[in-house]
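Reader: Please choose one part of this model and describe it closely, in connected prose, giving the cut-offs behind each term as you go.

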Amino acid sequence: MKSLKKAENKGAFCCGQKGDKNSKSRTLECWLSQHWLYLERKEQELEQLRMDCEHFRARLESVQADSVREKKEKLALRQQLNEAKQQLLQQAEYCTELGAAACTILWGVSSSEEVVKAILGGDKALKFFNITGQTMESFVKSLDGDVKELDSDENQFVFALAGIVTNVAAIASGREFLVNSSRVLLDTILQLLGDLKPGQCTKLKVLMLMSLYNVSINLKGLKYISESPGFIPLLWWLLSDPDAEVCLHVLRLVQSVVLEPEVFSRSASEFRSSLPLQRILAMAKSRNPHLQTVAQELLEDLRALERDV
């Protein structure tokens, strides 16, 4: 019995060893299978990554090529734009030189009444004065506090235009034309006189004030400019200009208003209440003989008005 039990125990022991080997073998096979599957998946993933890299590299090269091409195109366009700007600048300078020369000549000959009549008799007169107003306005806006060279073609061009207007307004038919057909120009002149700062562009101020004075010789013209909004405050503000010639022509314009009863009566209250009397008294003692004379005449005119009241 004991030997049988030993055999059974031994046999049972041997069977147990065979089972462990088979289990280990299956476990190893399973592990190897899973490992190969894992490696295959990784290889597939790596292959996909390589394909993605190639794809993105191709896209990058394409984008880079497009970028280089666009840069070259932009550079070419920028060069063309610079060339176009340069051409426009040259054309503008040429037109300014031509305009300055032509208008300076016209300014000189427009002192003749016959020339003024010839100018007004043409079918381009109204267009010329419209362009004149626009050009003067653009010029004043471009100043922006800067002082431009007095001898520049641009300055000469604008001064010549203002001088032509002054000469046209010096003729009766010219005044009539400006009052009836070119009121926009008169409005522009009044506006620009208010836009220019004291001491700024005094030559242009003087020419515009001379134009308004000439227009004021025409009763209809005087009524129109004196009824412009802010006209009286504009006169007093212009009297603060440090330039004697500007003040001289302002006083002449004030005289036009004072010496015309029909016009003065409409603004007498505002005129008297805001009159810068001390400033005018100071001008009556000015070392500038012309300014002194006109200021003294104006004071006499004002005293005469007070006596008549």
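Author: A residue is called buried under 20% relative accessible area, exposed over 50%, and partly exposed in between, with a 1.4 Å probe and protein chains only. The model is a predicted one, in which local features need pLDDT of at least 70 and side-chain atom pairs count only at pLDDT 80 or more, whereas totals for chains, interfaces and linings use all residues. Residues are numbered from 1 along each chain as its sequence is written, and side-chain values use heavy atoms, with hydrogens and water left out.

The part I have chosen is the set of salt bridges, of which the structure holds 13 (a side-chain nitrogen of Lys or Arg within 4 Å of a carboxyl oxygen of Asp or Glu).

I begin with arginine 266, which is exposed because its relative accessible area is 52%. Its salt-bridge partner is glutamate 262, and the closest N and O atoms of this pair are 3.8 Å apart. Glutamate 262 is partly exposed, at a relative accessible area of 34%. Both residues belong to helix α11 (residues 261-274), where 4 residues, or about one turn of the helix, separate them; helices are DSSP runs of H or I with at least four residues, numbered from the N terminus. Glu262 and Arg266 also take part in a network of salt bridges that links them with Lys223 and Glu227.

Turning to helix α1 (residues 2-109), one finds glutamate 45 and lysine 42 in it, 3 residues apart, which is about one turn of the helix. These two side chains form a salt bridge whose closest N and O atoms are 3.4 Å apart. Glutamate 45 is classed as partly exposed because its relative accessible area is 41%, and lysine 42 is likewise partly exposed, with a value of 32%.

Helix α13 (residues 289-308) carries a further pair, arginine 303 and glutamate 300, set 3 residues apart, again about one turn of the helix. Here the side chains meet in a salt bridge with an N to O distance of 2.9 Å. Arginine 303 has a relative accessibility of 40% and therefore counts as partly exposed, while glutamate 300, at 44%, is partly exposed as well.

Note on methods: Helix = DSSP H or I, 4+ residues; strand = E, 2+ residues; numbered from the N terminus.
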